[in-house]
Amino acid sequence: MRFDFQGPLGLGSLCASVLSIFSNGHQGHQQGSITHHPVLPPSYPLAVRNPYLSAWMPSDRVQQLPYSEPQFWAGQELGWSVIVRVDGQAYSVMGVPDLDEDEILPATVRRAEFTSTHSTFDLTAGSVRLTLDFFSPVTPANYLRQSLPFSYLTVKVSGSYFGNDIQVYSDIDGRWTGREDRSVLNYEEHDDGLLIHSLSVEDAAKYAEANDMALWGKAILASRPSEYSSLSSLTGDPKSVRAQFAQEGDLSGKEFDWSYGSVAALAHDLGTVYGQASVNFAVGYEREAAINYLGEEYTGYYRAEYPTTHKALSFFLNDYGDALRESLELDQELTAFATAAAGPKYADIVALSTRQAYGGTDLTIPNDSLDTDDVLAFIKELSSDGNVNTIDVIMPAFPIYWVLDPDWIRLMLEPVMRHYPNAIGHDDQKAEPMPIEESGNLLILALAYSRATGDSEWTGQYMDIFQKYADYLVDNSIDIANQLSSNDAAGPLANETNLAIKAAVGIKAFGELSGIDRYSRIGEEHANIFFEQGLGTDPEQTHFVLQYPDYPESWKTPYNLFPDVLLGLNTFSNDAIRVNSEFYSHVRGEYGVPLDNRQDWAKSDWNMWLAATFETNTRDEFVDDLWAFMTNGKHNWPFSDRYVSTSAHGNEPGIPILCRARPTVGGHFALLAWKGPASVQSLSINKSTQVKHKGGQVPLRISWA
Ligand SMILES: *[C@@H]1O[C@H](CO)[C@@H](O)[C@H](O)[C@H]1NC(C)=O
Ligand SMILES: *[C@@H]1O[C@H](CO)[C@@H](O)[C@H](O)[C@H]1NC(C)=O
């Protein structure tokens, strides 16, 4: 019954469980001598584009950026350094842990900033100012740009009018391959000046992972000379390669070497810079066989047009100007919309969530046909179990697709639907039985897609299947058997009210999808039983209970009401929706409301869903609490969607639990969803010129904004 199939991506790990906490942070924008704008995040996304290209800089390392190595999302260190040479003196800007200060001085970090698509660090080195701009495009409507498995590092130098002699260096090491001890180097020089270092694992089995990293692809550092720079390259022991750069500002003429611990380096010589200059590097992780979809190879969408690494990288570097322009518009638009929706703290949450949400996904086409009409999106359940296209991971994330590009709901459901009923995957006895959760989710997602895009053809072809799920809900969602919900960490429960809510909304969603009134009526009848007749509430109707009947004191955040309101289904009455706002102020811990009365932990995605159904005051409390968790300086993982929100059980509040870098932070867009589907203009502009899909009807705008 459960849809998530054991992924082609390999057996996932359990949640990485090492909790590292740092205590030197303090609330606010200032940490040490550095200004964090708009606020201090737990970790800065550096190159975050898919489950295997996910490099982060924990924010407690930013103060010491010249010495600090980034981390893969799961927490292992990655070698990635940047050194800039100013008038003959080299300065480390990032990632040189064992700095030899006779040779290389540390630059001074001044400021760090994140937006939806950029993380930037401002430093000074001697008399010049430097900016590292880590840019991971988020362009869901532009499939080509979105699918490229590369990220930009732009190093900007701002010196004196009278000129500074400038060279810029970057390197990566074998840890990017997941098996440094077996890493091998491939180096290419192309006629167009493009230099490419690719690092891979010798004899790696296809689709093998180690510590959540892919072993069968290649880590890439590439660049090409600009009009104003010449480019040189070298590989070898980091001390000698960096010393070579520090002394000469140039890497040419030396013997390449590759062994355990080596770095692969590129250096731009800009000569004398008057005022400002910048250079771009591409950093990536490419898998030609990106996904094994039930035995069929799927590769990145971009390969239809740019089938080689060289062509893809050339395009990527050529595309910088357009990608940058689009990203600045997106950043600005998201900030403005999110601020208007729920204030500046909400805008911070949205900005930090954007890259992470898409960073759990891949956009693919069949490797043999490269047919761009057969696009499938895959989403990996990072850090929880590694499963692929888990329905109850697509579900919490769906508000971001709704807002940025609702077609992604179809792109993610299609791999599940197409092989029905063969997508059973879990033949390892590890299936998690949550039939109501998954049935309700599927029907609601299908309707959300159809409403958002106006495409009824896609849902039409699967209507018989959907109907079976709807029938299942009709028969099984009042007297609910003991089972898990999406929050499997909370354990199974019979008669869980929030599942009953989901089922009622799911049944009505199917009624709307199919046009069969009977289902709509049954969905409403169920809602009536649970609210108006009081089966799912306390007798005073102050809140929905966790479990019925006879547990009037219990409660659980009834976040499944959100799609009912968003999609205008009115399965539940306005009174039922309104009942919640007041109650949740009374069960609020230091960092917000836990999932239910049994837990001391909150789910950030579900809390934003629920907040989207509230009156302004309670909504703002939920936003404030999540923001307070995000910015409290007590943790340094990629945004965790699960954290201790109250000290009621004796645990320290404001600390994440197990989950990191999960794409479910797409759910943080729930408050923006009111703007309507595909409401971000900077992205939809691209769309008309590019998207090809079957279905293809004129989008229908319902009155969301
Ligand atoms: C993908 O297709 C290319 C081009 O047809 C082919 O050379 C390559 O072997 C295929 N890759 C895989 C992993 O099958
Ligand atoms: C679940 O609720 C139904 C309807 O109120 C009730 O008949 C049934 O006994 C309950 N089951 C459990 C396990 O409490």
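## Ligand 2

In this predicted model, an oxygen atom of ligand 2 lies 2.2 Å from a polar side-chain atom of Asn-495. On its own, ligand 2 would expose 360 Å², and the protein buries 51% of that area.

Around ligand 2 stand Asp-479, Ala-494, Asn-495, Leu-535, Tyr-548 and Pro-549. Sorted by type, the residues of this shell are four nonpolar, one polar and one charged.

## Ligand 1

Which residues surround ligand 1? They are Lys-206, Glu-288, Ala-289, Glu-297 and Asn-367. The protein covers 45% of the 360 Å² of accessible area that ligand 1 has when taken alone. Here the shell divides into one nonpolar, one polar and three charged residues.

Two side chains of this shell can be described at the level of atoms. An N or O atom in the side chain of Glu-288 is 3.0 Å from a nitrogen atom of ligand 1. For Asn-367, an N or O atom of the side chain is 2.5 Å from an oxygen atom of ligand 1.

## Domains

The protein is divided into two parts: domain 1 covers residues 2-326, while domain 2 is made of residues 375-422 together with 434-683. Between the C-alpha centres of domain 1 and domain 2 the distance is 36 Å.

## Aromatic side chains

How many aromatic pairs does the structure hold? The count is 44. One of them is formed by Phe-121 and Phe-134, whose rings are 5.9 Å apart from centre to centre. The angle between the two ring planes is 75°. An angle over 60 degrees counts as edge-to-face, so this pair is classed that way.

Phe-121 belongs to strand E10 (residues 118-125) and Phe-134 to strand E11 (residues 128-135), so their pairing ties together parts that are 13 residues apart in sequence. Phe-121 counts as buried because its relative accessibility is 0%. Phe-134 is also buried, with a relative accessibility of 0%.

Elsewhere in the chain, one aromatic cluster is formed by Phe-398, Trp-402, Tyr-559, Phe-562, Trp-606, Trp-609 and Trp-674.

## Three residues in loops

Is Tyr-260 buried or exposed? Its relative accessible area is 61%, and a residue over 50% counts as exposed, so Tyr-260 is exposed. Tyr-260 sits in the loop between helix H2 (238-248) and strand E20 (263-273). Along the chain, Tyr-260 and Lys-206 are 54 residues apart, and 22 Å separates their C-alpha atoms. Lys-206 is one of the residues around ligand 1.

Glu-381 also lies in a loop, the one between strand E25 (376-379) and helix H6 (391-404). Unlike a residue on the surface, Glu-381 is buried, with a relative accessible area of 6%. The side chain of Glu-381 is joined to that of Thr-390 by a polar contact of 2.7 Å.

The third residue is Lys-556, found in the loop between helix H12 (517-530) and helix H13 (561-566). Why does Lys-556 count as buried? Its relative accessibility is 3%, and buried means under 20%, so Lys-556 falls in that class. Which side chain does the side chain of Lys-556 contact? A polar contact of 2.5 Å links the side chain of Lys-556 to the side chain of Glu-496.

Key. Residues numbered from 1 in each chain as written. Chains lettered and ligands numbered in written order. Predicted model: local features only at pLDDT ≥ 70, side-chain atom pairs only at ≥ 80, totals over all residues. Heavy atoms only, no water. Near = heavy atom within 4 Å. Polar contact = N/O pair within 3.5 Å; in protein donor to acceptor, adjacent residues only side chain to side chain. Areas by Shrake-Rupley, 256 points an atom, 1.4 Å probe, with all protein chains shown as cover. Nonpolar A, V, L, I, M, F, W, Y, C, P; charged D, E, K, R; others polar. Domains from an automatic or database assignment. Phe/Tyr/Trp six-rings, centres within 6.5 Å; stacked < 30°, edge-to-face > 60°. Helix = DSSP H or I, 4+ residues; strand = E, 2+ residues; numbered from the N terminus. Buried < 20%, exposed > 50% of the residue type's maximum accessible area, 1.4 Å probe, protein only.
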